[in-house]
Amino acid sequence: MSDSAQRLLHLLADGELHSGERLATHLGVTRAAVWKHVAELRERGIDVQSHERRGYQLAAAVELLDLPALRAAAEQAGYALPPATEVIFEIGSTNEYLHAAPAPPPGAPRLVFAELQTAGRGRRGREWLAPFGSGLTFSISWTFAEMPADLSALSLAMGVCVVRALRDCGASGVQLKWPNDIVHDHAKLGGLLLQMRSEAGGPACIVAGLGLNLRMPAAARAAIGSAQATPVTDLAAAFGAPVPGRQRVGALVAGRMLAGLEEFTRAGFAPFAQDWARFDSLRDAPVTVLRHDGAFEGIARGADREGALCVEMPHGVIERVHAGDVSLRRAAHAKAPSA
């Protein structure tokens, strides 16, 4: 996206009506150029409305991410974002960006927020759709000097960190769905994606990415929901009240995850296990598990220290699931625990 289009977006971010003449003056361009930049924003899915002879405005105001504001919000919450923190306006994928970069030294993580992510991916290569201004996408690159014994449970620990942060913000009903979904009332409001590279006996670098829905437009929620089996929701529904600003939510969640990575480095999954069990939305619920070798049904009995989902089979044997899709059995959906 051109610099002029980005500057135009900052002028429109307040959601107010701005005349073409005034926008042209601010940008130092012609009104015809303003129209071209509006078209550029629309090409990226940004809903810029035009009013004949009156001007342009966004369909809704948006709080654009700002690095100084993110740092200030983190400090207010008792965290310090890493020196190597970036806010990138447009990017394919924050995870791929960091995964392709050199691994940071241990103790010197990198954090990247994206305003507009065009090629985001979720677990198992699924597309992660994030309509402009409706959520948060960021990734953390972290290097463990030595391979932690419980590394396979790291995604569960990161999920615990996200839920702790969101509950601190006031979203008390947010839970986790194994292995890495953030949910509310069994509807998905976010997801984690972890990628790793390591050398035998040496350091291990992980990239932990988060996509989180804050305020999803109804049309986007419907479109995303029709493309996947799991219902979609956002923090606005989880709060039932005004959602805190994007800077505050982003800073608090990222700060919690960074602190969690430090704790995991020292102690592994143990400090997170109790909260994982407390936040587990599937615990003791009838579930269907779909794996590469077929599907089976059982009762979810939580996760073990290696991050595997424990499913009790009809004959009482526990099946440990390391990878697969897990869903509530349809007939049991309304009866499953939500707290």
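## Reading the terms in this model

Visitor: Why does phenylalanine 272 count as buried?

Guide: Its relative accessibility is 0%. Buried means under 20% relative accessible area, exposed means over 50%, and partly exposed lies in between, with a 1.4 Å probe and protein chains only. The value for phenylalanine 272 falls under the first cut-off, so the residue counts as buried.

Visitor: What kind of model is this?

Guide: This is a predicted model, in which local features need pLDDT of at least 70 and side-chain atom pairs count only at pLDDT 80 or more, while totals for chains, interfaces and linings use all residues. Residues are numbered from 1 along each chain as its sequence is written, and side-chain values use heavy atoms, with hydrogens and water left out.

Visitor: What is the mean pLDDT of the chain?

Guide: The mean is 88, and 89% of the residues reach 70 or more. pLDDT is the predictor's confidence in each residue, from 0 to 100. Residues 331–339 are below 50, and this stretch has 13 contacts in the model beyond near neighbours in sequence; a contact means heavy atoms within 4.5 Å. Where pLDDT is low, the predicted coordinates should not be read in detail.

Visitor: Why is the pair of phenylalanine 264 and phenylalanine 272 called tilted?

Guide: Rings of Phe, Tyr and Trp (its six-membered ring) pair if their centres lie within 6.5 Å; planes under 30 degrees apart are stacked, over 60 edge-to-face, and the rest tilted. Here the centres are 6.2 Å apart, so the rings pair, and the planes stand at 40°, so the pair is tilted. Phenylalanine 264 is buried as well, with a relative accessible area of 1%. A search of the whole structure gives 4 aromatic pairs.

Visitor: Which residues form one aromatic cluster?

Guide: The cluster consists of Trp142, Phe144, Phe264 and Phe272. Trp142 and Phe144 also appear on one side of strand 5, along with Leu136, Phe138 and Ile140.

Visitor: What makes strand 5 mostly covered?

Guide: Of its 10 residues, 135–144, 10 are buried. The other side carries Gly135, Thr137, Ser139, Ser141 and Thr143, and both faces are covered. Helices (H or I, at least four residues) and strands (E, at least two) are DSSP runs, numbered from the N terminus. The chain has 10 helices and 14 strands.

Visitor: How do you know that strand 5 and strand 9 pair?

Guide: Two strands pair if DSSP finds at least two bridges between them. Strand 5 and strand 9 (residues 204–213) have 10 bridges, in the antiparallel sense, so they meet the definition. Phenylalanine 144 stands opposite alanine 204 there. Strand 4 (residues 110–117) is joined to strand 5 by 5 bridges, also antiparallel, and valine 112 has serine 139 as its bridge partner.

Visitor: What is the order of the 7 strands in the open sheet?

Guide: The order is 3-4-5-9-8-7-6, with mixed pairing. Strand 3 (84–91) and strand 6 (175–177) each have a single partner strand, so one side of each is left without a neighbour in the sheet. Neighbouring strands are turned by 20° against each other on average, direction ignored. Axes are lines fitted to C-alpha atoms, for helices over the stretch in contact, and angles run from 0 to 180 degrees between N-to-C directions. Helix 6 (residues 154–169) packs on this sheet, and its direction makes about 140° with that of strand 8 (187–198). Strand 3 and strand 4 run parallel, joined by 7 bridges.

Visitor: Which strands stand at the edges of the antiparallel sheet of 5 strands?

Guide: Strand 13 (318–321) and strand 14 (325–328) do, each with a single partner strand. The order is 13-12-11-10-14, and neighbours are turned by 45° on average, direction ignored. Strand 10 (residues 286–291) pairs with strand 14 over 4 bridges; leucine 290 has aspartate 325 as its partner.

Visitor: Why does arginine 305 count as exposed?

Guide: Its relative accessibility is 56%, over the cut-off for exposed, so it counts as exposed. Arginine 305 lies in the loop between strand 11 (294–303) and strand 12 (309–312). Leaving aside neighbours within four places in sequence, arginine 305 is in contact with Asp150, Ala153 and Phe269.

Visitor: How many disulfides does the structure hold?

Guide: The structure holds 0. A disulfide is a pair of cysteine sulfur atoms within 2.5 Å. Cysteine 205 counts as buried at 5% relative accessibility, and cysteine 310 counts as buried at 14%.
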